[in-house]
Amino acid sequence: MAFSIYDLTAFNQSIHEALVQNLSPFWALIVEMTIIGLVFLLFYAIVGLFLVYAERKICGFIQNRVGPNRVGPYGIFQTIADFIKLLMKELIYIKNADKFLFNLAPFIVIIASFMAIAAIPFGLGLHAIDFNIGVLYVMAVSSLGVIGILLAGWSSNNKYSLIGAMRSGAQIVSYELSIGLSLVTIVILSGSMQLSTIVEQQRNCWFIFSGHIPAFIAFVIFLIASTAETNRGPFDLAEAESELTAGFHTEYSGIKFAFFFLAEYMNMFIVASMAATLFWGGWMPFHIPGLTSFNHVMDFIPPFFWYMGKTMVVIFLMMWFKWTFPRLRIDQLLKLEWKFLLPINLFNIVLMALVVLMGWHL
Amino acid sequence: MTEEIVQHDIEQEEYLLNMGPQHPSTHGVLRLLISLKGETVANIEPHCGYIHRGIEKMCEKLTYQQIIHLTDRLDYLSAHINNEAVCLLVEDALQIEVPERVKYIRTIISELSRLASHELWWCAFGMDMGALTTYFYGLRDREKILDIFEETTGGRLLQSYNCPGGLMNDIHPNFQKRIKEFIPYFRKKLPEYDELLTGNVIMQERTKGIGPISKEDVISWGVTGPSGRGSGFACDVRKHHPYSAYDKVQFEEILFTEGDSLARYKVRIAEMWESLKILEQLVDNIPEGDYAVKMKPIIKLPEGEYYQRVEACRGEFGVYVISSGEKYPVRVKLRSPNFSNLSALNRMAAGFKIADLVAVGGSLDLVIPDIDR
C-alpha cells in the first residue's frame with residue numbers, strides 16, 4: 001500500500017478496514033475512538049509545549065533578549081523541564097475554598113479546548129469529525145471554557161480571583177458576539193457551515209481574497225475578538241498581573257495551574273486554526289487562478305504544513321499584540337466591543353450579503 | 001468584630017480589597033486598603049510602615065559621615081541626590097566652600113541618577129499598564145548609566161560617592177568619554193520610548209484624564225517633583241533654589257497643566273531630554289582642582305537648626321537637622337517626596353477603576369522605602 005502525505009484518506013480508510021475485518025463493528029468503533037483520542041492527546045501536549053516555547057522565544061526576540069537557551073540546544077527542552085517542575089509541585093488546598101468546584105474548574109477549561117480541536121480539519125483526510133455545522137460546534141464548545149474560569153474565580157474564595165472571573169465573564173460574553181458575527185460573514189460567503197466544504201471552496205482562491213473588503217474586515221474583527229476570547233494581552237484583564245496578581249488562577253498551583261496555562265495556549269491554537277481555516281483556506285495551498293505552474297509548486301508542500309504554517313502566522317500575530325500593547329481597562333474593553341466592533345460587524349454582514357448577492361466576489 | 005465589619009460592608013455595599021503588602025504593582029511593601037464598588041474604587045487607604053527601619057531615630061546615634069550612607073536607603077533610585085543633600089547641609093553649616101570640580105561632578109552624577117531613575121520609572125509604568133516589553137527597553141539604557149557609575153564610584157545602585165567636603169575619590173579617566181558616548185546613544189533611543197508607549201492609543205486612553213489633581217490640591221498636599229509639575233506647580237528646586245552647579249546650566253522647568261496621569265508621564269519623558277541637555281553642558285567643562293576639601297575626622301555642627309533641600313528624582317527631598325554642637329545630631333527629620341505624593345493618591349484615584357488606580361500609582365512613581373523610612 002502506498003500512502004501519500006498529500007491525501008491521508010486512503011491511509012485512514014485502510015486502518016478502518018483492517019479494524020472492521022478483525023473486530024465487531026462496536027469494538028472497531030471503540031478502538032478507533034481510542035486511537036483518535038490518544039493521537040489528539042499527544043498532539044495537544046506537543047503543540048502546547050511548542051507554543052509555550054515559541055511564545056518565550058518570540059517574546060524574547062521582541063524584548064531584546066535571547067529567551068530560554070540553557071536546557072538543550074536553543075533551550076528547546078526548557079518547557080519540558082518546566083512541565084516536569086509543575087507536575088512535581090505541591091498542590092495547595094485552600095481552607096475555605098469550594099473544594100469540588102475548585103478541583104473541577106481546570107478540567108472544564110481543558111475539556112472545552114480539547115473538544116474544539118476534534119472538529120478542526122488539519123489536512124486532507126486528517127479530520128476527526130466533519131460536522132455539517134462545524135463552525136457552530138467549534139464556536140459553542142470553545143466558549144464553554146469561560147464556565148471553568150468563572151468557577152475557578154468563584155470557588156477560590158479570593159477577591160482577586162473573583163474580580164478576574166467576573167471580568168472574564170463580561171469579556172467573553174461580549175466578544176463571543178463579534179467572533180460569531182465575523183464567522184457568519186464567512187458562512188454567508190461560503191453558504192455552508194461544514195468546515196470541509198469551506199476549505200474545499202477555497203481551492204482556487206482563499207476567502208480573504210475572494211471576499212475582499214468584507215472578508216478582510218471580518219478577519220480583522222475576528223483576530224481582535226479571538227485575542228479577547230482567549231484572555232490574551234492586551235485583553236488579559238482576567239489575569240491582569242499588575243492589577244489582580246494572577247486573576248482567576250491566583251490560588252492554583254502545580255498541575256492545576258498547568259491546565260489553565262495549557263488551555264490558554266490551546267485556545268489560542270484553536271482560534272488561530274479557525275482563522276486559518278475560514279479566512280486563509282485551512283490546509284489548502286496558496287493558488288493564484290491562471291498560474292498553473294505556480295499552483296503546482298504550491299501543491300508540492302503537504303497540506304498539513306500549509307495548515308500549521310498559517311496557524312503559526314496567526315499565533316505569531318497574537319503574540320505580537322501581547323508583547324507590544326498595554327492592557328485595556330474593563331470599560332474600554334466593553335466599549336470597544338459594543339460601540340465599535342459590533343456595529344461594524346453588523347454592517348459588514350450586510351455588505352457581505354450584498355457582495356454575494358451581486359456576485360462581486362472573486 | 002468581624003460581624004461588625006461584615007455588616008459595615010453590606011451597608012456600604014463596598015468590597016474591601018487589600019492591595020499589598022505583596023502585590024506586583026505597589027512596587028514594594030505598600031498596602032493599599034481599597035473599597036470597591038464593582039470595579040470602581042471608592043476609597044483608598046494607604047497603610048505604610050511595612051518597611052519602616054527607624055532611620056530618623058537611628059541618625060541620632062550616628063555621625064554625619066554615617067548618616068550620609070543611611071540616606072541611600074530611602075529612595076534608592078536617587079541615592080546620590082539624597083547623599084548630596086546631607087553633604088550640602090554639613091558644608092553649609094560649617095561654611096565650607098567646596099571646589100568647583102566637586103560641584104560639577106555632583107551635578108553630573110545627580111542628572112545621571114535622574115535619568116536612570118526615570119528610565120526605571122518608564123519600565124515600571126509600562127509594566128503597570130500591561131505593556132511588558134517596556135521593561136527591557138528601559139533597562140537596556142539604564143545599564144549604560146549604571147556602568148558609568150560603577151567605573152567611577154564603585155557602586156551601581158547605591159553610589160555612596162559623596163562625603164562632607166567633596167567626593168570619596170576622583171572620577172575615572174573614562175568618565176567623560178563614557179558620558180559623551182552615552183548622550184548621543186540615548187538621544188537616539190529616547191524616541192523609541194515614545195514609539196513604543198507614548199503614542200499608543202490604548203496608553204493614551206488609559207491615562208488621559210485619569211487621576212486628575214488641580215494645582216491648588218497639589219500645593220496643599222505637598223506633591224512635588226514631576227508629579228507636582230504635571231499639575232502646573234513650579235516646584236523644581238534645581239531652578240528656584242539652585243545648588244551645586246545648577247546655576248551654571250541652562251535648562252527648562254517642565255510644566256504641564258492638565259494634572260492627569262498623562263501629564264505626569266510627559267513631564268518625566270521631557271525631563272529626560274532636559275537632563276541630557278544639562279549633561280551636555282557640564283561634561284566638557286569639569287574644572288581642574290581637588291575632588292575634596294580636607295575635613296576634620298570628627299564633624300561637629302555648630303548649635304542650631306539646619307535645613308537643606310534638593311530636587312530628588314521624585315520631588316523635593318529635605319534634610320532637617322537640630323544640632324547641639326555634638327558629633328551626633330539631636331534630631332533628624334527627612335522630608336521624603338514619596339510620602340507626600342502618596343498622600344494625594346486617594347484624591348487622584350478615587351472614583352476611577354482598579355486599573356486606573358494602578359496607572360495613577362505608576363504615574364506617581366512611588367518608592368516604598370522612601371515612604372516608610
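Author: Helices in this text are DSSP runs of H or I with at least four residues, strands are runs of E with at least two, and both are numbered from the N terminus. With that in hand, Glu111(B) is found in helix 5 of chain B. Residues are numbered from 1 along each chain as its sequence is written, while chains are lettered from A and ligands numbered from 1 in the order in which they are written. This is a predicted model, in which local features need pLDDT of at least 70 and side-chain atom pairs count only at pLDDT 80 or more, whereas totals for chains, interfaces and linings use all residues.

Reader: Thanks! What makes Glu111(B) buried?

Author: A residue is buried if 20 or more other C-beta atoms, placed from the backbone, lie within 10 Å of its own (12 or fewer is exposed, in between partly exposed). Glu111(B) has 29 such neighbours within 10 Å, so it qualifies as buried.

Reader: Which residues does Glu111(B) touch, leaving out those up to four places away in sequence?

Author: Two residues are in contact if their C-beta atoms, placed from the backbone, lie within 7 Å. By that test, Glu111(B) touches Ser275(B), Ile278(B) and Leu279(B). The C-alpha atoms of Glu111(B) and Ile278(B) are 7.5 Å apart, although 167 residues separate the two along the chain.

Reader: Why are helix 5 and helix 6 of chain B called roughly antiparallel?

Author: Axes are lines fitted to C-alpha atoms, for helices over the stretch in contact, and angles between N-to-C directions run from 0 to 180 degrees. The axes of helix 5 (residues 100-129) and helix 6 (residues 134-153) of chain B come within 8 Å and cross at roughly 165°. That makes the two helices of chain B roughly antiparallel, given that angles over 145 degrees count as such (under 35 is roughly parallel, 65 to 115 roughly perpendicular, the rest oblique). The crossing is left-handed, a term for a near helix turned anticlockwise from the far one by less than a right angle, with clockwise giving right-handed.

Reader: Which residues meet there, and how do they divide by class?

Author: Leu112(B), Leu115(B) and Trp122(B) are among those from helix 5 of chain B, and Tyr135(B), Leu139(B) and Ile145(B) among those from helix 6 of chain B. By class, this contact has 12 nonpolar, 3 polar and 3 charged residues. Nonpolar covers Ala, Val, Leu, Ile, Met, Phe, Trp, Tyr, Cys and Pro, charged covers Asp, Glu, Lys and Arg, and the others, Gly among them, are polar.

Reader: How do you know how helix 7 and helix 12 of chain B are oriented?

Author: Helix 7 (residues 175-198) and helix 12 (residues 261-283) of chain B pack at about 165°, with axes 10 Å apart. They are therefore roughly antiparallel to each other, and helix 7 of chain B passes helix 12 of chain B in a left-handed crossing.

Reader: What makes helix 15 of chain B mostly covered?

Author: In helix 15 (residues 354-364) of chain B, 11 of 11 residues are buried. Asp365(B), with a positive phi near 60°, follows this helix.

Reader: Which helices of chain B face chain A?

Author: The contact takes 25 residues from chain B and 21 from chain A. Helix 5, helix 6, helix 8 (201-207) and helix 15 of chain B each supply at least two residues of the side touching chain A.

Reader: Where is confidence lowest in chain B?

Author: pLDDT is the predictor's confidence in each residue, from 0 to 100. Its mean for chain B is 86, with the lowest element mean, 62, in helix 1 (residues 2-12) of chain B. Where pLDDT is low, the predicted coordinates should not be read in detail.
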